[in-house]
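Me: Got a model open here and I'd like to talk through its fold. Can you walk me through it?

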Amino acid sequence: MTSLPPRLVPGDRVVVLSPSSWPEERRHLDDLLTVLESWGLRPELSAHAEDRRGYMAGTVADRLADLHDALRDPGVRALVASRGGCGALRLVNGVDRELLAGDPKPLVGYSDITALHQVWRRAGVPVVHGAAHGEHADLVRDQLLGAATTTVHSDPTALSADLTTTGTASGDLVGGNLELLARTVGVTDVSWDGCLLLVEANRAAGLGMVDRALTQLRLSGALDGVAGVVLGSFEEFTGFTDRGWTVLDTLHDLLDDLGVPLLGGIPTGHLDDPVPVPLGVPAVLDADAGRLVVQPLVR
């Protein structure tokens, strides 16, 4: 059951933390803090946000401590990831879900943060798949402070728009980065029955990654009950072929026979300025109109 957090108000504290990799440039972190301050919020860095341990922002214990410190503090009303990268999957089984469910707080992030979004999903707490700064920062502000409904239109020129079918479907919007969704199978309880599944991917290891990830989701039964599929950005695959196949061939081969409406071309995921989309709340996919409408993630 979803527990909508209260909407943020000016003066609320927000913690910026690094559950995955550390921010490579301080100016990007400063930009994020400046944006949050411009909304009237009081952002603060977690204790280990800038730690460095290889490609991760510190140890598992330290990154979990930052998460739990923010979740325990009643004055903190939202968590914002400084970036994605790698390492969030290591935290999944250590997050205290009862703590999260007891005082629900949205988590803003995408890419590697998809792993933690699955934990929030199981706790019934909505999240934002996207970045809190950049071209669409005002939309995140409206989502968190204004309880705004989010309407996203398909870009007919986007690579994944080729997969759009016809029809409409509704259900909780879930998902995120395709590889991380597949990696969480068997680690967290995956239940997407009756949901709309959003998937997007960066090129990473090529078509093999897309094939293996979608096949794992299918073989595990995770896709058996989905009501529809929303396809975000696969733009990094533009012009890429593997023995005559493109990413569209792979996606068609593994999604067409699900028999549910597909809406492609949604500009979220690995883009320079992805559109932030709430997850864990009801949404309507309208393939005929090329539109995704997502209900507010706060009350």
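Me: Let's begin with the sheet that has S2 at one edge: what is the strand order?
Reply: The order is S2-S1-S3-S4-S5-S11, an open sheet of 6 strands with mixed pairing. Strands here are DSSP E runs of at least two residues, helices are H or I runs of at least four, and both are numbered from the N terminus. Two strands pair if DSSP finds at least two bridges between them.

Me: Which strands are the edges there?
Reply: Strand S2 (42-45) and strand S11 (277-279), and each pairs on one side only. Neighbouring strands in this sheet are turned by 25° against each other on average, direction ignored. Axes are lines fitted to C-alpha atoms (for helices, over the stretch in contact), and angles run from 0 to 180 degrees between N-to-C directions.

Me: Before I go on, what sort of model is this?
Reply: It's predicted: local features need pLDDT of at least 70, side-chain atom pairs count only at pLDDT 80 or more, and totals for chains, interfaces and linings use all residues. Residues are numbered from 1 along each chain as its sequence is written, and side-chain values use heavy atoms, with hydrogens and water left out.

Me: OK. How do S1 and S3 pair, parallel or antiparallel?
Reply: Parallel, over 5 bridges, with S1 at residues 13-17 and S3 at residues 76-81. Arg 13 has Val 76 in S3 as its bridge partner.

Me: Which helices pack on that sheet?
Reply: Helix H1 (residues 26-38) touches S1, S2 and S3, and its direction makes about 155° with that of S2. Helix H2 (residues 60-72) also packs there, touching S1 and S3, at about 155° to the direction of S3. Contact means heavy atoms within 4.5 Å.

Me: And what about S1 with S2?
Reply: Those two pair in the parallel sense over 4 bridges, and Val 16 stands opposite Leu 45 in S2. The chain gets from S1 to S2 through H1, a right-handed β-α-β crossover. Right-handed means that, with the strands pointing away from the viewer, the path from the first strand over the helix to the second runs clockwise.

Me: Switching topic: what's the order in the sheet with S6?
Reply: S6-S13-S12-S7-S8-S9-S10, so 7 strands in an open sheet, again with mixed pairing. Its edges are strand S6 (150-153) and strand S10 (262-263), each pairing on one side only. Inside it, S7 (residues 168-177) and S8 (residues 196-200) run parallel over 5 bridges, and Leu 173 stands opposite Leu 196 in S8.

Me: How do H7 and H8 pack?
Reply: Helix H7 (residues 207-219) and helix H8 (residues 247-255) sit at an angle of about 10°, axes 10 Å apart. That makes H7 roughly parallel to H8, a label for angles under 35 degrees (over 145 is roughly antiparallel, 65 to 115 roughly perpendicular, the rest oblique).

Me: Which residues meet there?
Reply: Among them, Leu 207, Val 210 and Leu 214 in H7, and Val 247, Leu 251 and Leu 254 in H8.

Me: Any domain records: which residues does UniProt list for the C-terminal one?
Reply: UniProt's unreviewed entry lists residues 170-284 for "domain: LD-carboxypeptidase C-terminal". Over that span the chain is 24% helix and 22% strand, with the end C-alpha atoms 4 Å apart.

Conventions
UniProt positions are given in the numbering used here, feature names are shortened, and annotations may be inferred rather than shown by experiment.
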